[in-house]
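User: I've got a model open and want to talk through its charged pairs and one of its helices. Can you take my questions one at a time?

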Amino acid sequence: MRENFYAGILGQNTNLPQDLCSISDDELIQTVEHMLSELGVNSNKTKAKDERIQQIIANIVLGKWLNYSVKEIAEAVFLSESRLTHLFKEEAGVSLKSYILIRKMERAYKYVSSGGKITQAAQEAGFSSSAHLAYTCKTLTGISITDVLKHH
C-alpha cells in the first residue's frame, strides 16, 4: 500500500529506501518537499495572485494561523467561508484545510528532525496531541513521525 502511495505521489522512477533511517536528513527533506509539490503545495511560495490568499499563506507559513479554523481565517480576510474555500482552492491548488494540515505536518517533521521530541512537535505544530500527529503523518504520508525521530 505504501509503495502505491509513493508511486502515485512521486512517480514511477522513485526508489524509496525501505528503512527511512538509511537516508540522510537532506534526502528526507527533499522527499517530503517533493511529495508536497506533487500534492500541489509549493514548500516555498505559491503562485496566488489574490492578495488575501497571499496573506493567508504567509500567516500559515509563519505559524500565526496554523490553529485558526476556516471560519476564523475567512473573518480575518473579510470573505465568507464558502468564497474563501473556493478562492483558496482556485489560487493555491489545494483546499485550505488540506494546506493547513500539510503545513502542520511539515512543521512537526522539521521540529522532530532537528532533535525535538514528538510531544513538543505536536504542540508546536498545532496538533491536539502527539497521537493525533502520529496518526495524521502515518495516514497521509506513510512515514511515521517516530521514523523521523529514529533517523535523527
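User: Is Arg 103 buried or exposed?
Analyst: Keep in mind that this is a predicted model. The cut-off for buried is under 20% relative accessible area. Arg 103 comes in at 5%, so the label is buried.

User: Which residue does Arg 103 form a salt bridge with?
Analyst: Look along helix H6, which spans residues 96–113. The partner sits 3 residues from Arg 103, so about one helical turn separates the two. That partner is itself buried, with a relative accessible area of 10%. The closest N and O atoms are 2.5 Å apart, and the residue is Glu 106.

User: What is the N to O distance between Lys 110 and Glu 106?
Analyst: These two are 4 residues apart in H6, so here too the separation is about one helical turn. An α-helix has 3.6 residues a turn, so residues three or four places apart point the same way. A salt bridge needs the side-chain nitrogen within 4 Å of a carboxyl oxygen. The Lys 110 and Glu 106 side chains do meet in one, with an N to O distance of 3.8 Å.

User: Which residues are joined into one network by salt bridges that share partners?
Analyst: Glu 106 pairs with Arg 103, and Glu 106 also pairs with Lys 110. Lys 110 is partly exposed at 48% relative accessible area, whereas Arg 103 is buried. The shared partner links them into one network: Arg 103, Glu 106 and Lys 110.

User: How far apart are the closest N and O atoms of Arg 52 and Asp 50?
Analyst: Start with the surroundings: Asp 50 is buried, at 16% relative accessible area. Arg 52 is partly exposed, at 31%. The two form a salt bridge, and their closest N and O atoms are apart by 2.7 Å.

User: How many salt bridges does the count come to?
Analyst: Arg 52 pairs with Asp 50, Arg 103 with Glu 106, and Lys 110 with Glu 106. The count comes to 3.

User: On to H7. What arc do its buried residues Ile 118, Ala 121, Ala 122 and Ala 125 cover?
Analyst: H7 runs over residues 118–125, and those four are buried. They lie on the same side of H7, because the arc they cover around the axis is only 100°.

User: And which exposed residues does the face of H7 turned away from its buried side carry?
Analyst: Exposed means over 50% relative accessible area. On the face turned away from the buried side, the residues that carry that label are Thr 119 and Gln 123.

User: Which residue just after H7 takes a positive phi?
Analyst: H7 covers residues 118–125. Just after the helix, phi is about 90° at Gly 126.

Key: Residues are numbered from 1 along each chain as its sequence is written. This is a predicted model: local features need pLDDT of at least 70, side-chain atom pairs count only at pLDDT 80 or more; totals for chains, interfaces and linings use all residues. Side-chain values use heavy atoms; hydrogens and water are left out. Buried means under 20% relative accessible area, exposed over 50%, partly exposed in between (1.4 Å probe, protein chains only). The arc is that of the directions from the helix axis to the C-beta atoms.
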